[in-house]
Amino acid sequence: MDPLTPPPPVRKIVLERDPFVATPPATNGNGIAPAPPNPLQATRARQSLADVRERMRLESVWLAYGEKWVVRDVSLPVRRGEVLALIGASGSGKTTLLRSLNRLTEVTAGAARAGRITLDGEEIHELEVNDLRRRVSMVFQQPNPFPMSIYDNVAYALAERPTNGRRRRRRTPELEQAAAEALRRAGLYDEVADDLGRPALRLSGGQQQRLCIARALAAEPEVLLLDEPCSALDPISTATIEQLIVGLRESVAVVIVTHNLQQALRVADHVAFMHLGELVEYGASEQIFERPAVQRTRDYIGGVFG
Amino acid sequence: MRTDQRAERALGALAVIVLLLIAAMAVTVFGKAWPSFSHNGLSWFGSGGDVDTQLRAMEQASPLAGHSLYYFRAWPLLWGTLVTTVLAVVIALVVSILAAVFLTEFAPATMRRTLDPVIRLLAAVPSVIYGLIGILAIAPYINDHLISNARKASVGYVVQLNGADVATATVILAVMITPIMVALIAAALATVPRSWREGSAALGVNRWRTIIRVSLRTARPAIVAATVLATARALGEAIMLSMVSGGRGFAANPLDGITFLFEPVRPLAATIVQNAEGLTIPVLAHTIYAVAAVLLVSAAMLSLAGWAAKQPLKRYGIRA
Amino acid sequence: MATSQPPVGTLAPAGLAVVRPRRQSTASWPLIDRVGYWLCWATGIALCAIALGIVLFMLIKGISYLQPSLFVHSPSPSVRQSEAGGFFDPILGTFILTALGIAIAAPAGVAIAAWLSEYARPRALARAVESAIEMIGGVPSVVLAIFGLLVFSQGFLGFLSQRAANGAVYGRSFFGAGVIMAVLALPLIVGATREGLAQVPDHMREAAYALGKTRASCIRHVLLPAIRPSIASGVVLGMGRIVGDTAIVTILVGVTLQNEAVGNVPVIGTLRGTGSTLTSYVYTNSPAGEGNAPQKAYAAAFVLLMIVLLLNALVTRLTGANERTGGRRRLAGLRALARSAWTR
């Protein structure tokens, strides 16, 4: 490419099989589709609103470590059929907020909370914690596959479900099927199907992260939490995973924390901007990125601070 | 550079002396042991009479009827060693894994601070003190409270039960080898990466199942290594066992049921200690060296087994 | 929208209940998992109880039979306990044997460790020596003992012990036992020294070489002084092993009641002679030996235990295992124990 011409603007990822787009978009060589004309996009927004269902709701959530409140009075919905991105500078509390959704904050001694977080209407602190975590799965920043085979990794959560006294079996036809399905949803199946007994740690970084996503998807969670999943990966793996995240939208509610604004623009439907623990602005991604209502949001997106 | 080369040669020579030492040890022990093996053939390992009688015959230089002076059937000793070692290692393995898991996962900070010196203390106690406690406190207790007179009568025609037996020996041996196993396994458990444990928790797996499927799997090379080390230690334990396992070279009979646990045994190493005075008598010396040769070979095979068992796990990213 | 925000952390939730959750309880676990949890707790407590039991038992029995006079009198042959004397000679014997063993093992061990760590050429030889050291660590002490007896009974080594009337070499003496004790302690010293050397950062060596020092000089003047605590801990570990060993003593020191010197030369005579140590004294006085003085056995065992615990505490101080570093990784004392189990 001619270095004097500016690179194409970042556009939202639109999938080829997206039913709301009339023609399949052409890609321009780095996996990012050009934006469809505005009217179609507006149609798409209107149509998807009818399909969304609220999965989780945060109401006036406060979170603290020790005496310091790191998340202050945040209220957000998490809906199925859409990707919610939490953006903000370091220390804005977005990761803490994410981890509170599956109660991982409790692992740290001295954690405190106030407010309500509900999953399908039930307060999550009244649910059994492992049951909650099976319904709300998490993928971490660094890929962390277990030192086992690929199959054992993906089938892990399913194999470890409570058996109520029945014998636990590691390999059953149901588990194998579920594992294969999860690997397909994560876009990894074709690459590893020949030998699922291979050690998971031999995969490349991008493959390992997709394996972790498959592992999280295997138990068919209702919500998928992603904590900066691509920050440790190269651009090509990042693009693959971003495609995959958008594709998952239909079946799971996705919440993704990212400090990469372009990534948020590419994948998210709704964006929540947090600063120093407070929710500064929440809205549809086009609105946040093109017409932010709050000055601080405008500053962050414009790169005044980072 | 001349001084450097001289120093290198000197130090190298010292290191080679160590090599020669172990080579010499192997050669001499096997050399001295050969007559006993050659006279008895493979039935050296078989059973055929009372070991003590055979040893006494060698001492008094009067061969038993119909046999040569070298006649020796070591099976009761081998069986005694096998029983005490295997039982003690199995008990110690279970206890050590539980204790190591407790130490690294469940123990509150105060308990962890106390257990650390407790385990080091148990490892430091000399074997003669374990033997003393065994023979002066535990054996009489077992004799008085756990072995009924009826039980004694049931085997009285063959052997006397007096509390110095398989059970006492195994339990004390297990206590002796547990600390080192706990130390090795706990050290390995502590190095399990936090990301794996967090990842497992985030998938909705409780702490116990995480320990079983992730932490213990990661610690498996250490568990294997600890077992090998503990078995070697148990094999070589002579003093404590010679004090509490019963003075008879008797093959405890598992068909006796529970009484089996209360019958005396004499493991290999203890035999060497108890017959050490007789080493001036050539025939007896050859027999004892034969026993030592068996011990040496077992120790060497254990090291090999430990090394081989660690290999397959390397491919899954578990660093041994 | 306020233009200036209050500093982070000063606001607090108003009117909302603040909950501080505790660590995950096991109430929701399946029964079998809970059983495992309780078993772990039971094992931890049981180990503490056993250690406490051993210490208390030895304390009670030992102190009840311990008198100061026992420390200064030599054992004398007598059936009556009150005339049987104390254990001065065994204590002296322990001391002699430990000193002799360490005097041989420490220089040799440090030298071998230095060679393995800094030179190690040719590679095959170094690997062989490493394996040999580890094998020595795994050989039972009885086998070492009878090997030693064999060696020291050879005619040409008769000057290290004594000769019987018919010219046969007795073979049993403090010398012989001392040498074998040195072999016993060697792997521990080599292991500790190698570990210390491995922890010295390379830039110290590079600085020494840049100043023109030879490798030997670097080892002598830079590396070894830097790892003094490691060497010391290895030596103390070796001492603990020597003090606690009984098999080598019973076989190689020719267990006699009193330390009986051979010949007229003061120190050498004792070393050539026979005697006993605390461990063999305990063994002989227990029912497994001559068996008629359990009280003396308890008293001597108590003294032995105190010595060993003291050495153990010394190793702890030397390896810095008592440092208060936070978190669940703080198992430094056990890690030191785990390392000392291996000679690599």
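Let's start at A:Val255. Leaving aside residues up to four places away in sequence, A:Val255 touches A:Val78, A:Leu84, A:Leu86, A:Leu98, A:Leu101, A:Val223 and A:Leu225. Please keep in mind throughout that this is a predicted model.

Where does A:Val255 fit in the wider picture? A:Val255 is among the residues with the most contacts inside the largest nonpolar core, which has 300 residues. The others on that list are A:Val154, B:Ile185, B:Ala292, C:Ile146, C:Ile248 and C:Ala301. And which helix gives this core its largest share? That would be helix α7 of chain B, residues 166-189, with 19 residues.

Two of the partners of A:Val255, A:Leu98 and A:Leu101, take us to helix α2 of chain A. This helix covers residues 94-101, and eight of its eight residues are buried. The buried residues include A:Leu98 and A:Leu101, and also A:Lys94, A:Arg99, A:Thr95, A:Thr96 and A:Ser100. After α2(A) comes A:Arg103, with a positive phi near 60°.

Staying with chain A for a moment, here is the overall count: 12 helices and 10 strands. Chain A has 306 residues, and 47% of them count as buried. Of its contacts with a separation of 6 or more, 68% are between residues 24 or more positions apart.

Now for some strands. β9, residues 270-275, and β10, residues 278-284, of chain A run antiparallel and are joined by six bridges. If you want a spot to click on, A:His270 stands opposite A:Ala284 in β10(A). The two strands make a hairpin with two residues between them, and in the turn A:Leu276 has a positive phi of about 50°.

There is another positive phi in chain A, at A:Asp120, where the value is near 50° in a residue other than glycine. A:Asp120 sits in the loop between β4 (111-119) and β5 (122-123). Is A:Asp120 buried or exposed? The answer is in between: 14 other C-beta atoms lie within 10 Å, so A:Asp120 is partly exposed.

Over to chain C, which has 14 helices and zero strands. Chain C has 344 residues, of which 49% count as buried. For contacts in chain C between residues at least 6 apart in sequence, 69% join residues at least 24 apart.

The loop between α3 and α4 of chain C deserves a stop. C:Ala120 is placed in that loop, and its phi is positive, about 55°, although it is not a glycine. With 16 other C-beta atoms within 10 Å, C:Ala120 is partly exposed. C:Pro122 lies in this loop too, and the peptide bond from C:Arg121 to C:Pro122 is cis, with omega near -10°.

Next, helix α5 of chain C, residues 141-152. From its first C-alpha to its last, this helix of 12 residues reaches 16 Å, close to the 16 Å expected at 1.5 Å a residue. How many of its residues are buried? 10 of the 12, which leaves α5(C) mostly covered. Among them are C:Ser141, C:Gly148, C:Phe147, C:Phe152 and C:Ile146. You met C:Ile146 earlier, as one of the residues with the most contacts inside the largest nonpolar core.

A second helix to look at is α12 of chain C, residues 278-285. Why is α12(C) described as largely enclosed by the rest of the structure? Because eight of its eight residues are buried. The buried residues include C:Tyr281, C:Tyr283, C:Thr279, C:Ser280, C:Thr284 and C:Asn285. What covers them? From chain C, the cover includes α3 (88-119), α9 (228-244), α10 (247-252) and α13 (294-319). Chain B joins in as well, with α5 (127-146) and α11 (239-244).

That brings me to the interface between chains B and C. Here 80 residues of chain B are in contact with 73 residues of chain C. On the chain B side, the largest share comes from helix α1, residues 2-40, with 16 residues. By class, that side has 62 nonpolar, 11 polar and seven charged residues.

To close, if you open the model later, here are two places to visit: the cis peptide bond between C:Arg121 and C:Pro122, and the hairpin of β9(A) and β10(A). Thanks, everyone!

Note on methods: Residues are numbered from 1 along each chain as its sequence is written. Chains are lettered from A and ligands numbered from 1 in the order in which they are written. This is a predicted model: local features need pLDDT of at least 70, side-chain atom pairs count only at pLDDT 80 or more; totals for chains, interfaces and linings use all residues. A residue is buried if 20 or more other C-beta atoms lie within 10 Å of its own, exposed if 12 or fewer, and partly exposed in between; C-beta atoms are placed from the backbone. Helices (H or I, at least four residues) and strands (E, at least two) are DSSP runs, numbered from the N terminus. Two residues are in contact if their C-beta atoms, placed from the backbone, lie within 7 Å. Ala, Val, Leu, Ile, Met, Phe, Trp, Tyr, Cys and Pro count as nonpolar, Asp, Glu, Lys and Arg as charged, and the others, Gly among them, as polar. The expected span of a helix is 1.5 Å times one less than its number of residues. A nonpolar core is a set of buried Ala, Val, Leu, Ile, Met, Phe, Trp, Tyr and Cys residues joined through C-beta atoms within 7 Å. Two strands pair if DSSP finds at least two bridges between them.
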